[in-house]
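Let's take a walk through a protein model from the inside out. Have the viewer open and follow along.

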Amino acid sequence: MDFFVEPAAATGGSVSVPGDKSISHRALMLAAIADGTSRIRGFLAGEDCLATSEALRSLGVAIEVRGSEVTVHGAGLHGLRKPAQALDLGNSGTGVRLLAGLLCGQAFDSVLTGDRSLAQRPMERIIVPLERMGASIGSRNGRLPLNVHGSRLSGISYELPVASAQVKSAILLAALYAGGETVVMEPAPTRDHTERLMRSMGIDLDGGDGRIRLTGGQAVRAADVQVPADLSSAAFFVLAALVAPDCELVLGSVGVNPTRTGCLDILREMGGDIELENPRFLGDEPVADIRVRSSALRGIRVDPKLVPLAIDEFPVLFVAAAAARGATSFEGIGELRVKESDRIAVMARALQRLGIRVEETGDGAIVHGGLIQGGTVDSDGDHRVAMSMAVAGTVAAAPVRILNADNVATSFPGFASRLQGIGGKIATHTKQPA
């Protein structure tokens, strides 16, 4: 599937975005090993989260998905069953890495696999700490498939070499099955949805000063979970409003967990008029309505300290830099090279195809703002690249075609219709098989 976007800037109003992907994954997994029945509302019924749901069903968990409402009949901490076949997580890095943590302490073996893109992503970052806990995980040079052999685990103290919420969460899930205490030390804050959900489901977990402590063997208590709207998905519409003329847009009930709001901080520093209104909590997660007004963006040096707090939104920020006056420098974002694509390289090529000068570096890039031209770009199958370039197309000088946009459904089903709803002109073109 390709996107075809004609120039038509956002006109404003209000828009809703789907539930948070990170929280949806984690809520499913914790509910699956809980005692009792959990209900998840606001669930993201995208391909990634549905792949996690199917994997948990294969492990013997009864799950009912009705759109954005999910009922999970927990199997208990030791109630999962050996799957009859490999668990296919599709394109979901979160799903496969967190499930590896959950499964390595079980009494059975399992195999985790995924699509071609996921098979290229590094898994050593979870294999190393999990094997220090006593896990046995076979891989193909640190890539999928993962052969997870059920093992007896012990708690460890582990300092993350890079800030990664996925690695942290995999260790914490494994820690539930480990003897003794597990301590995870972070070099910088990362999203803390796992910790918040664990506490809300009865797990005694201590955190502070970059250290998270968890003692194994604790039962998980079923709970009702309300998932806020996904800030990563909201970011596309925040940018669409910022770069449009005479636009004011409101996005309701968006998660504004402080470990996730780096993108908003960066856009504000670039001159973006962004306000958080009606702050409140959905369960343990802070949410707010986001009001965005048209703004003249300027180039900046992005503070590397904000990188872990905006790691999924850098494709959006690259487009913001392209629309800004002056140059924007990004550094310390080397992690983007091992996402669904090499996001630094793919975004640089895409923007260059639209007339924007981009200087790529090893762990970053310098984007020189200018007039975004029309043309054809390749998203390389990366959902966030495809949606970011669609927003670029709304203010381009001529139509923009974005190739290989199929994976948008992994995180944001209905993206095109929502962009149309605020004035965008976007069409999808499905290619016929040869």
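What follows goes from the nonpolar cores to one helix, then to the loops beside that helix, and ends with the empty spaces.

First, some housekeeping. This is a predicted model, where local features need pLDDT of at least 70 and side-chain atom pairs count only at pLDDT 80 or more, while totals for chains, interfaces and linings use all residues. Numbering runs from 1 along each chain as its sequence is written, and side-chain values use heavy atoms, with hydrogens and water left out.

Start with the packing. A nonpolar core here is a set of buried Ala, Val, Leu, Ile, Met, Phe, Trp, Tyr and Cys residues joined through side-chain atoms within 4.5 Å. Buried means under 20% relative accessible area, exposed means over 50%, and partly exposed is in between (1.4 Å probe, protein chains only). The largest such core has 81 residues, and those with the most contacts inside it are Phe-3, Phe-237, Leu-251, Met-389 and Phe-415. Its top contributor is helix α7 (residues 231–243), with 11 residues. Helices (H or I, at least four residues) and strands (E, at least two) are DSSP runs, numbered from the N terminus. There is also a second, separate core of 72 residues, which includes Leu-87, Ala-135, Ile-156 and Tyr-177.

Zoom in on Leu-251. Contact means heavy atoms within 4.5 Å. Setting aside neighbours within four places in sequence, Leu-251 is in contact with Val-15, Val-17, Ala-234, Phe-237, Val-238, Ala-288, Asp-289, Ile-290 and Val-292.

Now for α7 itself. Its 13 residues reach 18 Å from first C-alpha to last, close to the 18 Å expected at 1.5 Å a residue; that expected span is 1.5 Å times one less than the number of residues. How many of its residues are buried? The count is 13 of 13, and α7 is mostly covered. At its N-terminal end, Asp-230 acts as the cap, with a side-chain oxygen 2.8 Å from the backbone nitrogen of Ser-232.

Past α7, Pro-245 is found in the loop that leads to β19. Is Pro-245 buried or exposed? It is exposed, because its relative accessible area is 56%. Not counting residues up to four places away in sequence, Pro-245 touches Ala-9 and Ser-294.

Beyond β19 (248–255), the loop before α8 (262–269) holds Thr-261. This residue counts as buried because its relative accessible area is 12%. Leaving out residues up to four places away, Thr-261 touches Leu-231, Val-256 and Leu-309. In α8, Gly-262, Cys-263, Leu-264, Ile-266 and Leu-267 are buried, under a cover that includes α7, β20 (273–282), β21 (285–293) and α9 (314–323). Just after α8, Gly-271 takes a positive phi of about 110 degrees.

Finally, the empty space. On a 1 Å grid over the protein atoms alone, a cavity is a set of points where a 1.4 Å probe fits but cannot get out, and a pocket is an open set with protein on both sides within 12 Å along at least five of seven lines; lining residues have an atom within 4 Å of a point. Grid points are joined across faces, edges and corners, and a volume is the space filled by probe spheres set on the points. The largest pocket has a volume of about 530 Å³. It is lined by 34 residues, with Gln-166, Ile-311, Asp-312, Glu-335 and Lys-339 nearest its centre. The largest share of that lining, four residues, comes from α1.

Key
Polar contact = N/O pair within 3.5 Å; in protein donor to acceptor, adjacent residues only side chain to side chain.
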